[in-house]
Amino acid sequence: MSELTAEVAGTTPVAPVANAPNRRRFRDSDLLWSFRRSPVAVVAATIAFLIIGSALLAPLLAPHDPFDLASLSLMDATDPPAWLDGGNWTYPLGTDNQGRDVLSAILYGARLSLLVGVSAVILALVLGIALGLAAGWYGGIIETLIMRVADVQLSFPAILIALLIDGVARSALPRDVQGEIAIYVLIAAIALSNWVHYARTVRGSTLVERNKEYIQAARVIGVRPMRIVLGHLLPNVLGPVLVIATINLALAILTEATLSFLGVGLPPTEPSLGTLIRVGNDYLMSGDWWISIFPGAVLALLILSVNLLGDWLRDALNPKLR
Amino acid sequence: MIAFVVQRVIQGVLVMLVVALIAFALFNYVGDPINNMVGQDTSVSDRARLREELGLNDSFVVRFARFVGNATEGNFGLSYQQARPVGQIILEKMPATLELSFVAALLALLLGVPMGIYTGLHRHSWLSQTLLAVSLAGVSLPTFVIGILLILVFSVELGWLPSFGRGPVIHIGWWTTGLLSLDGWRAIIMPAITLALFQMTLIMRLVRSEMIEVLRADYIKFARARGLTSRAINFGHALKNTLVPVITITGLQLGSIIAFAIITETVFQWPGMGLMFIQAVTFADIPVMAAYLVLVGFFFVVINLVVDLLYYVVDPRLRLARERVAGA
């Protein structure tokens, strides 16, 4: 599914720009050049770095500490944003039902969302590369087994698989530790639902690379197989996978937010953007829209900018489009 | 052709067996089924007797075979949470989800295909550019954020549409429908749009890129040279040849719609299978989870099978390639 979205999405706004005739003269240009000439990529990168930067610096930037229960006061609960009636600049984006500053909660929430997203992508990447290399290198029963599992998994949407793994892990674990390890369960669930794309790509490139001369030469001079795979093969199959990883980062963040929104992700004591939206959703009908809409807007901007960056990177690195 | 069908069916059955195995493992190894059925003061000997009576001491193969047998009859045991047969609960919830998915799929197709054709034919018009920009937002905006925005605008601010539930339903046999009353339609509009938006943008982008690709082909240039009207070229020649991937993807998306209904149903408190599944996950209601897993797995296998066969019927090249392979 994500593969599809990416493929279809890639042919839209960025592609025509890269295809324009005056671009063709510069077919030997480097990545930075193509970045500077793509306004979409520049804007997306600016937004992404703004969000990521302020999320990383949350403890310094946040005007309040949303986890410091002593500083919370129900008197300040559900204050609207500062520019509306009843709002004040102590809480620029208003407060939630417990009197937490929405802006601070968003900064800390984005931090958690990014942490889960990036960790899940790295875990999926490691898993997918390892399995893809194993399938492509050994062939035979190992390959059949891994690729069959991949096929079966690919016929279901990733979000459903993440939801199932998460659900099963929750039922299997005792209730008292669920809150503490929720984040690890979540990372594992998202990673396990996402490794297939990497494995398939790596297997494909491995099949091509393993018969090339440099691998044969390494074999002839007696390099140990493990060293050939990790030292010679791996660097040569890594490129395409890293591009997929960039695009899948947006998907991983979205999956985390969705699971948290559904109430099976991060708990309200440790809220990610998705959890914040879930909490705010309960107050929507009473007109307190800012509790859910602001985290929602940040999430949407983050996903959109990472998506655009990933699309641009793929087009920029794809020789066929130049 | 028959060999192809048989091969696909066998593959589907294998996938179903794997899904059933996972569901079965869920049942048996996540928590203790006996603990879930009896109170804390039940004696050890009573537990052992119950274990024997329920056949939990039989071998793995026997228990799995029994599970599959029961599952094919729609018997998944009792829900831990509601203490009612799971099959009955699912049968109650299914019409809501299927109705929502059907309306959403229809919406996605009826809007997505024309929008794709338009943006493919008039690539540089301002409307195309706007549609593409909006569709990018449609792909990036999380489903639940779209739902929340719709509720905020149309329920909270304007008060036009209900924010939750299905509205009044009419019973037709075991099926319940909300589509026969105005209030039912009012209730389904926002969930259906929310669910359809992602698939709609996907279909639009797919049709667009296929149209652009096909319009570059030589036979289109030739048709132009022959002086055919652009109407005949665009719709008679170009569109026809874009439909193969569209059918495939749309078919596969049908399954996704049922899966994504989980999110939409949670936002709008739509009383369907998705909401039921999420509640089952939060309550660790394993029989309901297992049944949902098997049912959705079944939907997906059937959809994949039908799409594969359709593909085979629609695209003669595929047929020829296979026959050549078989003949060689």
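Good morning, colleagues. Chain A of this structure contains 15 helices and 0 strands. I should say at the outset that the model is a predicted one. Of the 322 residues in chain A, 47% are classed as buried. Among its contacts with a separation of 6 or more, 70% join residues 24 or more positions apart.

Let me turn to the contact between the two chains. Chain A contributes 41 residues to this contact, and chain B contributes 37 residues. On the side of chain A that touches chain B, at least two residues come from each of helix 1 (2-10), helix 9 (158-172), helix 13 (225-261), helix 14 (273-281) and helix 15 (290-317). By character, that side of chain A consists of 27 nonpolar, 13 polar and 1 charged residues.

Next, the interior. The largest nonpolar core holds 169 residues, and the members that touch the most others are B:Met289 and B:Tyr292. Helix 7 of chain A, residues 102-138, provides the largest share of this core, with 19 residues. From chain B, domain 1 (1-81 + 283-328) and domain 2 (87-240) each give the core at least three residues. Leaving aside residues up to four places away in sequence, B:Tyr292 touches B:Met273, B:Phe277 and B:Ala280.

Finally, I would like to consider helix 6 of chain B, residues 126-140. How far apart should the ends of this helix be at 1.5 Å a residue? Its 15 residues should span 21 Å, and the end C-alpha atoms are indeed 21 Å apart, so the two values agree. Within helix 6 of chain B, the buried residues are B:Leu131, B:Leu132, B:Ser135, B:Leu136, B:Gly138, B:Val139 and B:Ser140. Thank you for your attention.

Notes: Residues numbered from 1 in each chain as written. Chains lettered and ligands numbered in written order. Predicted model: local features only at pLDDT ≥ 70, side-chain atom pairs only at ≥ 80, totals over all residues. Core = buried A, V, L, I, M, F, W, Y, C linked by C-beta atoms within 7 Å. Buried ≥ 20, exposed ≤ 12 C-beta atoms within 10 Å, placed from the backbone. Helix = DSSP H or I, 4+ residues; strand = E, 2+ residues; numbered from the N terminus. Domains from an automatic or database assignment. Contact = placed C-beta atoms within 7 Å. Nonpolar A, V, L, I, M, F, W, Y, C, P; charged D, E, K, R; others polar. Expected span 1.5 Å × (residues − 1).
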